[in-house]
Amino acid sequence: MNLFEEQKNEFISRHLGPNEAETKEILNTIGVSTIDELIDRTVPATIRMKDSLELPVIMNESEYLNHIHETGLKNEIFKNYIGQGYYDTITPSVILRNIFENPGWYTQYTPYQAEISQGRLESLLNFQTMVSDLTGLPITNASLLDEATAAAEAMAMFFTMLNKDHEHISRPKFFVDKEIFPQTTDVLITRAVPLGIEIVLGDYRSSTIDSSYFGAIVQYPNNKGAITDYRDFIQKVHAVDAYIVMATDLLALTLITPPGELGADCAVGSAQRFGVPLGYGGPHAAFFSAKDEFKRNIPGRIIGVSIDSQNNRALRMALQTREQHIKREKATSNICTAQALLANMAAMYAVYHGPDGLRKIAARIALLTQTVAEAIESRGFNLSADQFFDTITVNVDNIDEFKEKAEKQKINLRYIDNTHIGISLDETTRIEDLYDLINCFENDSNPVAFDIRDDAELHHIPHTLTRRSDFLLHPVFNSHHSETKMMRYIKMLENKDLSLNTSMISLGSCTMKLNAASEMMALSWDHWSKIHPFAPATQTEGYRLLIDNLSEYLCKITALDACSLQPNSGAQGEYSGLLTIRNFHMSNNEEHRNVMLIPISAHGTNPASAVMAGMKVVVVKALDNGYIDLNDLKTKASQFASELAGIMITYPSTYGIYEETVKEITEIIHHFGGQVYMDGANMNAQVGLTAPGLIGADVCHLNLHKTFAIPHGGGGPGMGPICVKKHLAEHLPGHITNKNKQSKTGTGAVSAAPFGSASILLISYGYIRMLGNQGLKAASEYAILNANYMRTKLEKDFEILYTNHNGECAHEFIADLRPFKKSAAIEAEDVAKRLMDYGFHAPTMSFPVPGTIMIEPTESEDKSEMDRFCNALLNIRKEIEMIEKGSLDSKNNPLKNAPHTQQMVCNSHWDYPYSREQAAFPLPYIKENKFWPSVARVNNTYGDRNLICTCEPVSSYMEQES
């Protein structure tokens, strides 16, 4: 390779961990001569890809940044007044730089290991407090995917609570007011149909609600901006023991009566306008709050307050509701990935501005909206409503002349239909902007004039619905208003969390690889971040180019034919893929095909998604070696032949092996008329080596936040696009904004925005363009290389549960810790907590096998980092051996007391039967860069028995100090 070729390929060596010399050492340790030899011993020849991926010429980082900048310029930035749940906002620079663009925040994993996650847990608790205070409801989760999804989750929760037996539904109806956002209605219908829910669209004022209804939803303020008093309707719904959810706006709630005070059971919406860029639809954090009676049914994660082993305050994910999908086929939700990073941004926005700052932002918007409304009315136009916050709807004879004039001034209005124009103002609207805006409704010969006074009364907000209750009284929202304080507060929280910029995070099935800076750079550029998801197609050519190209690349990589980029999480990708299968069978008049076979080793979201898609789950057994039991599969495929919808498989399997029988599995399913759904969780071991389409899959979802480098963000964002074979293409998700592309079988939207969290598609696009076909294949090869290196290093001291007939694993492997429970009373949790003292996040615990750890190093880790991790585990094994031999106490030892905090180690009182050095510095490398867990082991039981999921009152801190 000459100098210029090396420059072209420079990103490959920057993405892969081991260099050439380290690669040789690793191969030697494994006992093979070349990477090709290892791959031949690992990946079955029958499924290997014969040709290279047909992808564009590779780019280096500089070339890519120029390319993505030029592509972005194809997006036109207009002044947006479209609204409809999406609003331009001002992201405070201190938040943009220190959270959104900071790997200390965006490379964190979901806070399963609470002791090394206290920073983001506190920020998410702030988010929950903010939502609870503003909505007036006591229980809230730590974010959902988008407003429409949150509304659908509320509907599903209500449905399940009042219809315990889904086989015999007694209350099937859900009322949807006609002034809900259209995209929300679209998602509600999609989610309702498979569950047997009957959506009733209508006007809440004239609706008849009886005992056949389980719930209702209204928008507040509504789709056309009107602030409506729903108290009578809420009472009507409650009179038949049904529930009501209000879709609402957090900024509006600083000025108007919160849903909880109106009697609502639940409130949902988007926190996007709290400092999170538009990004052509996302990612944004949705919110979900409810009355206390729903606390064990809320979807997603709840952050709660508990104590640690030293009786200090500590936070962690609370209740079984931290993930409904752990209930598998009994789950009411499949939510896994949320929008933690964006929830943290929104929470910090509230912390930075405080309650007074938020009120002032809302008041400015309301005042500007009032000024525009009165100016337009004075020119002879009528409005659809007289009571509003930030949105008005103007009645016109025909929209065409207004549209033409607006576009000439680079203004986007919302054209609801031929005679109604919506105008939504936001935080970025300035007084000067009103001249052009009002001019859209003015004869050009007349100069635009209007009056605006700071002290003007907001008389378009009704007195009966004016907010009188306080909110955000906790000190955290009233302390950090200078940039210096805010910067230090964010840094303090960041320092409590272990992220990829600290050390490797070897979570099996999670693929915590490098999220390269060049992949991330463009996300905050205006031509990508300031585009409204419902902007005209003529203004979004850059995004369209990105979306079309990425779809094509993903089809090439998966050997499938069509792609939908709409699902904005992996679990939502699963759901979308299963809906696609369901609708395919329906189009063939085979509605009865509703049985989905799922291996016992499958991730919990698989059965949860299948149930949501209206399918019955039948579990397939596994053999002792981890392979799917072919005899059991054949028996069940035959038994349910006429009802078989398909099978959900993961490849390589969740046990970390390439099953040589995989083609036989897919052939069996196809023989009995089923479709093969492949979970793309382990695609990082497929790309460039094999492909779902080659194996026999009909549909596959891809976790772009795993294989294709989107960071995990502490629990989101993620993206879960699906690729399908040609015969399923017409059944992919549609969207209300693109009716001509809706499925012929009626599949609507699965996300609020047409392309889900579109802005983060930039990351995966950059990953593919900078690695090219050679680099993508190398990434898979090195993922397998690194996993087998660590397996080899550990296998003498830990039993490795599953390997193939050559003794190799795929990109991850399972180490069995169960023997230590008997020999030393040591649990997997003890090992996980002890790893924190060594500066590492634990691997995946107890999945797919209880009492084990699943290790996945990814291709991005170098040999020295893998050695440090292996040495940590091997040293922990020695500590276990000391317990086994009696030289360490079986109950009072470094594992049972782990993790050890700085406070514990520096305390003048030390009564443990081992040294402080053994507790905190068990290996020499730790002294060079010690990461201190900020709390000791968290007491989960205490927190669940004393559920607190908002910031506690100041008095509780005072009591703690005393």
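**Exercise 1. Find which elements cover the buried residues of H10.**

Step 1. Place the helix. H10 spans residues 182–195. Helices (H or I, at least four residues) and strands (E, at least two) are DSSP runs, numbered from the N terminus. The model is predicted: local features need pLDDT of at least 70, side-chain atom pairs count only at pLDDT 80 or more, and totals for chains, interfaces and linings use all residues. Residues are numbered from 1 along each chain as its sequence is written, and side-chain values use heavy atoms, with hydrogens and water left out.

Step 2. Count the burial. Buried means under 20% relative accessible area, exposed over 50%, partly exposed in between (1.4 Å probe, protein chains only). In H10, 11 of the 14 residues are buried, so the helix is largely enclosed by the rest of the structure. Among them are Val187, Leu188, Arg191 and Leu195.

Step 3. Name the cover. It includes helix H9 (147–162), helix H20 (570–587) and helix H21 (605–612). Strands S3, S4 and S5 also contribute. Contact here means heavy atoms within 4.5 Å.

**Exercise 2. Check the length of H10 against its expected span.**

Step 1. The expected span is 1.5 Å times one less than the number of residues. For the 14 residues of H10 that gives 20 Å.

Step 2. The end C-alpha atoms of H10 are 21 Å apart, which agrees.

Step 3. Look just past the helix. Glycine 196 takes a positive phi of about 80°.

**Exercise 3. Lay out the open sheet of seven strands and identify its edges.**

Step 1. The order is S2-S8-S7-S6-S5-S3-S4, with mixed pairing. Two strands pair if DSSP finds at least two bridges between them.

Step 2. Strands S2 (139–140) and S4 (198–202) are the edges. Each has a single partner strand, so one side of each lacks a neighbour in the sheet.

Step 3. Inspect one pair. S6 (residues 243–249) and S7 (residues 266–270) run parallel over five bridges. Methionine 246 stands opposite alanine 267 in S7.

Step 4. Add a helix. H8 (residues 118–135) packs on the sheet and touches S2, S7 and S8 (286–290).

**Exercise 4. Decide whether glycine 656 is buried or exposed, and find what it touches.**

Step 1. Glycine 656 sits in the loop between strand S19 (644–650) and helix H23 (662–671).

Step 2. Glycine 656 is buried, with a relative accessible area of 0%.

Step 3. Leaving out residues up to four places away in sequence, glycine 656 touches Cys809, Ala810 and Glu812. The C-alpha atoms of glycine 656 and alanine 810 are 5.3 Å apart, though 154 residues separate the two along the chain.

Conventions
Axes fitted to C-alpha atoms, helices over the stretch in contact; angles between N-to-C directions.
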